[in-house]
Amino acid sequence: MATMKDVARMAGVSTSTVSHVINNNRFVSDSVRDKVMAAVEQLNYAPSALARSLKLNQTRTIGMLVTSSNNPFYAEVVHGVERSCYKRGYSLILCNTEEDAARMNRSIEILLQKRVDGLLLMCTEDHRPSQDVLSRYPFLPVVMMDWAPFEGTNDIIQDNSLLGGEMATNHLIACGYRKIACIAGPQNKTTARHRLEGYRNAMRRAGLPVPVGYEVHCDFEFEGGVNAMRQLLTLDEPPHAVFAGNDAVAVGVYQALYQVGLSVPQDMAVMGYDDIELAKYLAPPLSTIHQPKDSLGELAIDALINRLQNRERGTQVLVLTPKLVERASVSQL
């Protein structure tokens with residue numbers, strides 16, 4: 001593989017002149033530039049990104065760690081992050097933890113050894129990164145997405161899940177439903193706990209009871225929604241409406257209702273959370289709470305870049321405001 005010295009030798013110039021031509025950061029006469037570019041073409045020379053990163057002490061690469069999930073929400077967030085990186089001239093290295101603590105910490109070590117400029121973490125409380133690993137890189141900008149497992153100088157970007165849970169339940173109440181159940185996500189996840197709390201707050205303020213069995217916990221996956229809805233249907237007095245903790249669970253709810261010949265919203269109103277792309281293509285389209293996933297990605301990358309440029313800046317917590325999306329899975333009674 002040709003080096004900059006090889007190009008300089010063939011063109012009869014210094015390596016610094018070759019650098020100025022390639023990076024276009026200083027005036028070089030046209031005749032010299034032509035000789036350098038001819039040598040570059042003849043030797044098929046490609047500048048070394050590694051050498052440049054060592055010289056500048058930055059790689060313009062962001063590392064991202066996510067927990068494995070079938071939930072399309074995570075894929076859409078990653079897509080937004082990657083697009084934001086591209087627009088700002090950064091590359092993204094994505095590591096999937098498969099909910100394995102050892103794999104997570106190994107992935108962090110690999111990302112840090114690759115000298116990423118910053119790190120995005122989107123994990124769960126049960127599968128959190130080792131503080132010991134991160135403490136060895138005290139100046140590395142880290143942004144926690146959804147929740148914050150550690151105290152310190154890490155920036156946090158999160159959804160206002162408490163407000164979102166209240167909005168979802170209030171919409172069902174405003175449409176005339178009174179027997180409303182909640183299929184909550186795993187209670188070891190902060191966002192799931194807050195959405196359940198929002199449901200409880202809305203029901204309490206409306207003076208509506210929450211009968212025994214109307215709160216069901218499951219994972220945030222499709223199958224969890226199927227099993228939870230089946231459980232609700234076995235109650236002596238099944239609900240007339242369900243608030244699902246996320247859209248993946250709501251998809252499972254649709255499937256469970258279909259299997260027993262029930263229709264949405266005629267037999268059961270369904271409210272989701274996240275507004276994944278699939279939500280508007282369900283039959284009927286799913287009413288849900290929209291999370292600004294593109295904004296989540298943009299803010300995360302901007303927070304990292306801002307921290308790189310201003311390392312003394314104080315910790316910031318950015319809370320995204322959820323938005324109600326009304327579709328046909330909830331009807332007016």
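Colleague: Let's start with helix H9. What covers its buried residues?

Modeller: Strand S5 (155–159), helix H8, strand S6 (180–184), strand S7 (215–217) and S8 are among the elements that cover the buried residues of H9. Keep in mind that this is a predicted model.

Colleague: Which residues of H9 are buried?

Modeller: A general idea helps here: an α-helix has 3.6 residues a turn, so residues three or four places apart point the same way. Now the case in H9: the buried residues are Thr190, Thr191, Ala192, Arg195, Leu196, Gly198, Tyr199, Asn201, Ala202 and Met203.

Colleague: And how far does H9 reach from its first C-alpha to its last?

Modeller: H9 runs over residues 190–205, which is 16 residues, and it reaches 22 Å, close to the 22 Å expected at 1.5 Å a residue. After H9 comes Gly207, with a positive phi near 70°.

Colleague: H8 was on that covering list. How many residues does H8 have?

Modeller: H8 has 14 residues, 161–174, and its end-to-end C-alpha reach is 20 Å, close to the 20 Å expected at 1.5 Å a residue. The buried residues in H8 are Ser161, Gly164, Gly165, Glu166, Ala168, Thr169, His171, Leu172 and Ile173. H8 is followed by Gly176, and the phi of Gly176 is positive too, near 105°.

Colleague: Okay, rings next. How many aromatic pairs are there?

Modeller: First, the general idea: a pair of aromatic rings is described by the distance of the centres and the angle of the planes. Here the count comes to two aromatic pairs. One of them joins Phe73 and Tyr74, with 5.6 Å centre to centre and 75° between the planes, which makes it edge-to-face. Phe73 has a relative accessible area of 4%, so it is buried. Tyr74 has 13%, so it is buried as well.

Colleague: What about Phe243 and Tyr273?

Modeller: Phe243 and Tyr273 form a tilted pair, 6.5 Å centre to centre with 45° between the planes. Phe243 belongs to strand S8 (residues 241–244), while Tyr273 sits in the loop between strand S9 (269–271) and strand S10 (288–290), so this pair ties together parts 30 residues apart in sequence.

Colleague: Are those two rings buried or exposed?

Modeller: Phe243 is at 0% relative accessibility, so it counts as buried. Tyr273 is also at 0%, so it is buried too.

Colleague: Which residue lies over the face of Tyr273?

Modeller: That's Arg195, at 3.8 Å from the ring centre, and Arg195 is one of the buried residues of H9. Elsewhere, the charged end of Arg60 sits over the ring of Tyr90, 4.2 Å from its centre.

Colleague: Let's zoom out. How is the protein divided into domains?

Modeller: Domain 1 is 4–47, domain 2 is 59–159 + 293–321, and domain 3 is 161–291. Over C-alpha atoms, the centres of domain 1 and domain 3 are 64 Å apart.

Colleague: How many helices and strands does the protein have?

Modeller: There are twelve helices and twelve strands. The radius of gyration is 26 Å, well over the 20 Å that the globule rule gives for 333 residues, so the protein is more spread out than a compact globule. Along its principal axes, the C-alpha trace spans about 90 × 40 × 30 Å.

Colleague: And what share of the 333 residues is buried?

Modeller: Buried residues make up 49% of them. As for contacts with a separation of 6 or more, 72% are between residues 24 or more positions apart.

Terms used
Residues are numbered from 1 along each chain as its sequence is written. This is a predicted model: local features need pLDDT of at least 70, side-chain atom pairs count only at pLDDT 80 or more; totals for chains, interfaces and linings use all residues. Side-chain values use heavy atoms; hydrogens and water are left out. Rings of Phe, Tyr and Trp (its six-membered ring) pair if their centres lie within 6.5 Å; planes under 30 degrees apart count as stacked, over 60 as edge-to-face and the rest as tilted. Buried means under 20% relative accessible area, exposed over 50%, partly exposed in between (1.4 Å probe, protein chains only). Helices (H or I, at least four residues) and strands (E, at least two) are DSSP runs, numbered from the N terminus. A charge sits over a ring if NZ of Lys or CZ of Arg is within 6 Å of the ring centre and within 35 degrees of the ring normal. The expected span of a helix is 1.5 Å times one less than its number of residues. Domain bounds come from an automatic or database domain assignment. Contact means heavy atoms within 4.5 Å. The radius of gyration is taken over C-alpha atoms; the globule rule is 2.2 Å times the number of residues to the power 0.38.
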